[in-house]
Amino acid sequence: KPVGDYLEQIDGLVYGDKSDGGSIRGRRYSNPALGISYHAPPGYTLRTWRGRVLGTHANGDSLVFDYAPTGEISDPKQYLVEQWGRGANLTKIARIDVNGAKAVTAASVIRAVGGNIRARWVVVEHARGQVVRMLYLARPKDLQAWSEIATVATYSLKRIEVNSGNGSSTSRLRIEPAGGRSVDELAQSFPFGPSNARWFRMLNGLAPTASLAPDKRVKVVSN
């Protein structure tokens with residue numbers, strides 16, 4: 001089948017996960033169906049996987065952001081200690097308030113090959129019988145600086161109007177001529193932050209150092 005026909009058939013296809021699983025724009029994750037938005041720390045690349053938001057940093061740090069039912073438990077601290085963090089030898093357990101929502105945070109150390117991993121646990125009350133969970137994992141050289149970064153990210157969690165979209169919309173593949181634009185310019189609307197250019201090259205079968213002919217038709221992502 002001619003390449004032109006193939007490109008015309010995929011033009012406009014939905015790109016990424018289903019909208020009810022939320023959407024990612026750079027470091028920002030929003031889920032209008034649940035009414036929340038969250039910003040990962042600088043340098044993190046986010047992706048969704050099986051209902052979770054996974055974040056990775058080039059230095060090896062990572063985070064997991066998700067939601068969970070609490071059953072009969074209504075207290076975030078009780079849920080953390082008795083369910084999610086059970087057996088983790090939690091320390092520094094403290095109740096906090098995250099933009100008006102009851103929450104709790106704790107720390108633990110995970111022994112692993114290559115050195116201990118520091119874990120920061122956060123549980124935030126979201127709706128009746130449901131909580132938002134955040135887990136930050138790192139081998140920080142500066143424990144205080146890493147803790148502050150995780151704190152800022154935690155307090156970025158905010159409520160948005162349910163089903164409003166809050167600026168979020170479905171991403172779609174679009175076919176456009178390169179028109180003399182650079183890879184970085186064409187990749188600006190991709191949702192992978194610092195990895196946008198790499199994802200653009202993979203999507204278009206473009207070698208790491210290859211340039212684009214002005215008349216070449218390429219796949220881009222846009223709303």
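Which residue in strand 9 does Ser-108 stand opposite? In this predicted model, the residue facing Ser-108 is Ala-119. That pair is a way into the sheet around strand 8.

Strand 8 covers residues 101–110. On one side it pairs with strand 7, residues 91–98. Those two strands run antiparallel and are joined by six bridges. Within this pairing, Thr-91 has Ala-107 of strand 8 as its bridge partner. The hairpin of strand 7 and strand 8 has two residues between the strands. There, Asn-99 takes a positive phi near 50 degrees.

Strand 8 also pairs with strand 9, residues 117–127. This arrangement is antiparallel too, with eight bridges joining the two strands. Six residues lie between the strands of this hairpin. Here Gly-114 is the residue with a positive phi, near 95 degrees.

How buried is strand 8? Seven of its ten residues are buried, so strand 8 is largely enclosed by the rest of the structure.

Now turn to the second largest pocket. Its volume is about 290 Å³. Sixteen residues line it. Strand 8 gives the most to that lining, with five residues. Strand 7, strand 9 and helix 3 (143–154) each supply at least two.

Which residues lie nearest the centre of the pocket? They are Lys-92, Ala-107, Leu-143, Trp-146 and Ser-147. Ala-107 is thus a link between two parts of this account: it is the bridge partner of Thr-91, and it belongs to the group nearest the pocket centre. By residue class, the lining divides into seven nonpolar, six polar and three charged residues.

Methods: Residues numbered from 1 in each chain as written. Predicted model: local features only at pLDDT ≥ 70, side-chain atom pairs only at ≥ 80, totals over all residues. Heavy atoms only, no water. 1 Å grid on protein atoms, 1.4 Å probe; cavity = no way out; pocket = protein on both sides within 12 Å on 5 of 7 lines; lining within 4 Å. Points joined across faces, edges and corners; volume = space filled by probe spheres on them. Helix = DSSP H or I, 4+ residues; strand = E, 2+ residues; numbered from the N terminus. Nonpolar A, V, L, I, M, F, W, Y, C, P; charged D, E, K, R; others polar. Buried < 20%, exposed > 50% of the residue type's maximum accessible area, 1.4 Å probe, protein only. Pairing = 2+ DSSP bridges.
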